Every structure is written in C-alpha cells, then in structure tokens.
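Subject: Structure handover

Hello,

Here is the structure I promised to pass on. Please open it and keep it beside this note as you read.

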Amino acid sequence: MASFGPLSALVALLLSSSTQVLAQSCACGYKDSNGQVWREAIVSDFTQASGALAAVDADWIVAADLQEQPTGISIQYATANVLEHQDALGLKASAYDNSGSVKSVVFGETILRLCLTEASNIHVGFFTYFSDTQEQDIEFLSSDSDYYQHLYYTNQPGQLPNSDPDPDAAKLVANRRSYRTFGVHRFDWLPTKTVYSYAGSNNGAPITSTTTITKNVPTSSAEFVLNVWSNGDPLFSKGPPTADAIATVHYVHLYFNSTTFSAGSFNTACSAAGSIAPCSV
Ligand SMILES: *[C@@H]1O[C@H](CO)[C@@H](O)[C@H](O)[C@H]1NC(C)=O
C-alpha cells in the first residue's frame, strides 16, 4: 500500500445543498442569452459591499477534506484558503511546505468571472460532479508554458478505454487571451450537449470562443464545484507550488432546474404571478 502525505495548497467550496430560489421577482424564471429558460438561480457577487465571504456563507460549502493522490502529495482543502482578495473572492493554493499536502479550494458554478493573479504550478477548475463518468470540467493549468492560451474542456471520461485522449469528449481550446486579466467562463449543460464558452479580451480586443461537446453529457444530478489545487503530478498540475497562488473570482451566476422546484410548482407560481415574462439574464 502506497503511503500518501498531504500537499499544501487546496481550497474547496461546494454549492450548498439548500438551494436558494430567487423566484420573488422572476416568478416565471430566467431566460439566458441562448434562449433557454431556467426555474432557479443562485447569484454570488463576491465584489458586494458586505464582502466575498458573506456571499460564500450564503450559498456555498467550503470543503475541508484531505484527498489522497497517487503522486504521494495529497490535496488538503483548507477553509483558510478561501479569502477576501482584491475586493473579491480569492481561492488560494498555498506554497508547498513539505508536509505532504498542498492546501487548496473547491467551488462550483456555471458563469463566472475569474483571473489568476499569481501563477505557480496549480490547477484551476470549475465543474459539475456526480462521479468520474458524470462530470463536466473547465480547467486550466498555470504550469503550461502558454497557460494563458489554454482551456481544457472535458465531459468525463476524457480518455478512451485504451487510455488515449478521447477527442470527442476532451477538447483543448487555445485563444490569445490571458488569465491574468479577468474573463468570463461559462458552460451550458443541456440534455444533449455541453456548450463551453469564454469571453475575455487581449489588450482591449475582445476574445470569445464557444466549444460544444455532445459526448458523455452527464445525466445525473450533480454538485457544482470550483477548485484550485496542486498534487505535484509531473504530467498535469506539476509543482508542488513554491509560492502561494490565488485565483480571484468576481462572481458566479448559476441558473438551473432542480428537483426541489418541480415544473408543476414552477408553473403554478408563474401563473399566480400573472404569467409575467421571464427575467432576461
Ligand atoms: C427547465 O425548466 C423550464 C421550466 O419548467 C423548462 O421550460 C425548460 O425546458 C427546462 N430546461 C431543461 C434543460 O430541462
């Protein structure tokens, strides 16, 4: 049996299971820019006057578990690594202290505005997770020499049975963008496809990209997670980090249909409100 020590940089936030339905003013739901209507919303503004951590407390679970890794350097999710940073939310991967684990963070969402202020061999991910074969990921690796141009989009499993990458389930998108400036990352999880998109800029010129994956679209309900971590894997996250690295998040907007608010209950509430137009988001 291999022995694992913890690594020192990970933070984990999970969406709280008690979802908050913002139905009062949007009783007929939320219409997104692609024309989809959603019944429920969670909007976390980490730049609000009452502070990022108040928004975390309202809707998110901060993970504090230890995840053993085959690299021998574990991921220790640490509540202290979720912090107020530059008037927004900071998710920190701490410099490795040779204790055997990197303190890190997990979080979850659909549309979020984020940048990486310091790069140091870490992984930044935002994803939905139910199991290793029911998972949608947006990831980037600060250790990629051209990391500022790469986004990894994957509907897991991203590998074929022979371990080769599956080009239909895992896509590497390269744009001339920089994660050191803020950009908006988004994914739309629909029954037959996941549509991943990015909107940012490069020296003031707008950069947008959209990538659709129709393979391995999850069918199980899932949790939304945002995380920052490193496990020292020489082929992936690299590291462990020699300096603290912080991803800064301005907001997370989540629009969704859940079983806690059925279509029937939604229709009743919408009728009672006079069948008003959905809120445009
Ligand atoms: C979400 O719920 C709304 C209202 O019930 C429905 O119109 C819409 O089709 C649902 N979306 C999905 C992807 O199921």
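Below is what I found, starting with the ligand site.

One caution: this is a predicted model.

**Ligand site**

Which residues surround the ligand? They are Val-37, Trp-38, Arg-39, Pro-191, Asn-257, Ala-263 and Phe-266. Sorted by class, that shell holds 5 nonpolar, 1 polar and 1 charged residues.

Two side chains are worth a look for polar contacts. Asn-257 places a polar side-chain atom 2.4 Å from an oxygen atom of the ligand. For Arg-39, a polar side-chain atom sits 3.1 Å from a ligand oxygen atom.

How much of the ligand does the protein bury? On its own, the ligand exposes 360 Å². The protein buries 61% of that area.

Two elements give two or more residues to the shell: strand 4 and helix 2 (263-272).

**The sheet with strand 4**

Strand 4 also belongs to an open sheet of 3 strands. The order is 4-3-22, and the pairing is mixed. Strand 4 (37-38) and strand 22 (279-280) are the edge strands. Each has a single partner strand, so one side of each has no neighbour in the sheet.

Strand 3 (residues 30-31) runs antiparallel to strand 4, and 2 bridges join them. In one of these strands is Tyr-30, whose bridge partner in strand 4 is Trp-38. Trp-38 is also among the residues around the ligand. As background, strands of a sheet pair through backbone hydrogen bonds, either parallel or antiparallel.

**Helix 1**

Next, look at helix 1 (residues 52-59). Which of its residues are buried? They are Ala-52, Ala-55, Val-56 and Asp-59. Viewed down the axis of helix 1, these buried residues fall within an arc of 105°, so they line one face of the helix. Asp-57 and Ala-58 are exposed on the other side.

Note the two aspartates here. Asp-59 is buried, whereas Asp-57 is exposed.

**Gly-90**

Last, find Gly-90 in strand 10 (residues 88-93). Is Gly-90 buried or exposed? Its relative accessibility is 0%, so Gly-90 counts as buried; the cut-off for buried is under 20%.

Where does Thr-248 lie relative to Gly-90? The two residues are 158 apart in sequence. In space, their C-alpha atoms are 4.6 Å apart.

Best wishes

Note on methods
Residues numbered from 1 in each chain as written. Predicted model: local features only at pLDDT ≥ 70, side-chain atom pairs only at ≥ 80, totals over all residues. Heavy atoms only, no water. Pairing = 2+ DSSP bridges. Helix = DSSP H or I, 4+ residues; strand = E, 2+ residues; numbered from the N terminus. Near = heavy atom within 4 Å. Polar contact = N/O pair within 3.5 Å; in protein donor to acceptor, adjacent residues only side chain to side chain. Areas by Shrake-Rupley, 256 points an atom, 1.4 Å probe, with all protein chains shown as cover. Nonpolar A, V, L, I, M, F, W, Y, C, P; charged D, E, K, R; others polar. Buried < 20%, exposed > 50% of the residue type's maximum accessible area, 1.4 Å probe, protein only. Arc of directions from axis to C-beta.
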